[in-house]
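Trainee: Please take a close look at one part for me, the salt bridges. Start with the setting, then work outward from the charged side chains.

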Amino acid sequence: MIPMPEPALLAAFLAATLALNLPPGPDMAYVAARAAGQGRNAGVAAAFGVGAGCLVHTGLAAFGVSAVLRHSDFAFALLKYAGAAYLVHMAWGMWRARGAAEAAAAALPARGLGRSFLEGALTNTLNPKVALFFLAFLPQFVSAEAAHPVAATIALGFAFNASGTAVNVGVAVLASAAGARVAVSPLWRGILNRAAALLFVGLALRLALAERP
């Protein structure tokens with residue numbers, strides 16, 4: 001049987017989950033950029049990749065590994081700069097691809113979906129603030145009398161992640177519909193790729209400048 005918190009804690013958790021997953025954030029921006037630039041399937045793959053990254057953070061929070069990031073400036077800096085560097089790497093690839101939009105679109109079914117998934121997972125996993133968020137957020141809804149606190153934390157993490165993934169899939173569908181309107185124009189596809197590249201640079205700067213709570 002999956003351990004769940006008592007009704008009052010569960011109601012508070014569900015309300016907090018909805019409030020936290022609906023506002024736009026870096027993960028949502030990444031999913032929207034992928035969907036608008038490469039289509040709905042790439043956006044959905046990115047959404048599930050982000051979800052995979054959240055599962056990693058859930059496990060780390062459940063076993064207390066994320067506490068290292070809370071108490072180690074070096075570990076926090078190492079992870080955030082690695083994440084920022086990866087975002088810049090993706091931005092450079094999108095900027096260079098502006099003149100080869102048709103080739104990128106043709107390659108999407110063969111390898112683009114897996115790459116979108118992997119990039120979504122890495123983008124989320126390499127964000128130390130997400131790790132600290134899960135470490136601070138999930139234990140608040142685990143009863144002090146819980147017989148299996150690790151299992152309870154993991155169950156809550158899965159519930160939070162399911163909600164977030166559903167929201168991001170919806171974002172992917174909406175963003176792909178908007179992107180499809182300009183996909184027929186090489187000029188607009190180039191502009192879209194460059195805009196997405198600049199967005200990724202902005203996300204990289206935001207991550208690099210993040211301070212440990």
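Mentor: Start with the fold. The chain has nine helices and zero strands (DSSP runs, H or I of at least four residues for a helix, E of at least two for a strand, numbered from the N terminus). Read in order, the pattern is α-α-α-α-α-α-α-α-α. This is a predicted model, where local features need pLDDT of at least 70, side-chain atom pairs count only at pLDDT 80 or more, and totals for chains, interfaces and linings use all residues. Residues are numbered from 1 along each chain as its sequence is written, and side-chain values use heavy atoms, with hydrogens and water left out.

Two totals set the scene. The chain holds 213 residues, and 42% of them count as buried (under 20% relative accessible area; exposed is over 50%, partly exposed in between, with a 1.4 Å probe and protein chains only). Take the contacts (heavy atoms within 4.5 Å) between residues with a separation of 6 or more. Residues 24 or more positions apart supply 86% of those.

Now the charged part. Searching the whole structure turns up two salt bridges (a side-chain nitrogen of Lys or Arg within 4 Å of a carboxyl oxygen of Asp or Glu). In one of them, the side chains of Arg34 and Glu119 meet, at 2.3 Å from N to O. Arg34 sits in helix α2, residues 26-38, and Glu119 in helix α6, residues 101-125, so this pair ties together parts that are 85 residues apart in sequence. Both ends of the pair are under cover. Arg34 is buried, with a relative accessible area of 8%. Glu119 is buried as well, at 4% relative accessibility.

The other bridge joins Arg115 to Glu119, with 3.1 Å between the closest N and O atoms. Here both residues belong to helix α6, and they are four residues apart, about one turn of the helix. An α-helix has 3.6 residues a turn, so residues three or four places apart point the same way. Arg115 is partly exposed, with a relative accessible area of 40%. Because the two bridges share a partner, Arg34, Arg115 and Glu119 form one network.

Follow Arg34 back to its helix. α2 has 13 residues and spans 18 Å from first C-alpha to last, close to the 18 Å expected at 1.5 Å a residue (expected span: 1.5 Å times one less than the number of residues). α2 is mostly covered, with 10 of its 13 residues buried. Arg34 is one of these buried residues, and Asp27, Met28, Tyr30 and Val31 are also among them. The run of buried residues in α2 also includes Ala33, Ala35, Ala36 and Gly37. Just after α2 comes Gly39, with a positive phi of about 110°.

α2 has a partner elsewhere in the chain. Asn168 is placed in helix α8 and is buried, at 8% relative accessibility. Leave aside its neighbours within four places in sequence, and Asn168 is in contact with Met28, Val31, Ala47 and Val50. Met28 and Val31 are both buried residues of α2.

Next, helix α3. It has 23 residues and reaches 33 Å from its first C-alpha to its last, close to the 33 Å expected at 1.5 Å a residue. As with α2, a glycine with a positive phi comes just after: here it is Gly64, at about 80°.

One last stop, helix α7, residues 128-137, where Phe133 lies. Phe133 is partly exposed, at 27% relative accessibility. Not counting residues up to four places away in sequence, Phe133 touches Leu20 and Phe160. The C-alpha atoms of Phe133 and Ala61 are 9.0 Å apart, though 72 residues separate the two along the chain.

Back to your request, in brief. Glu119 takes part in a bridge to Arg34 and in a bridge to Arg115. Glu119 is buried, Arg34 is buried, and Arg115 is partly exposed. Look at the Arg34 pair for the link between α2 and α6. Look at the Arg115 pair for a bridge within α6.
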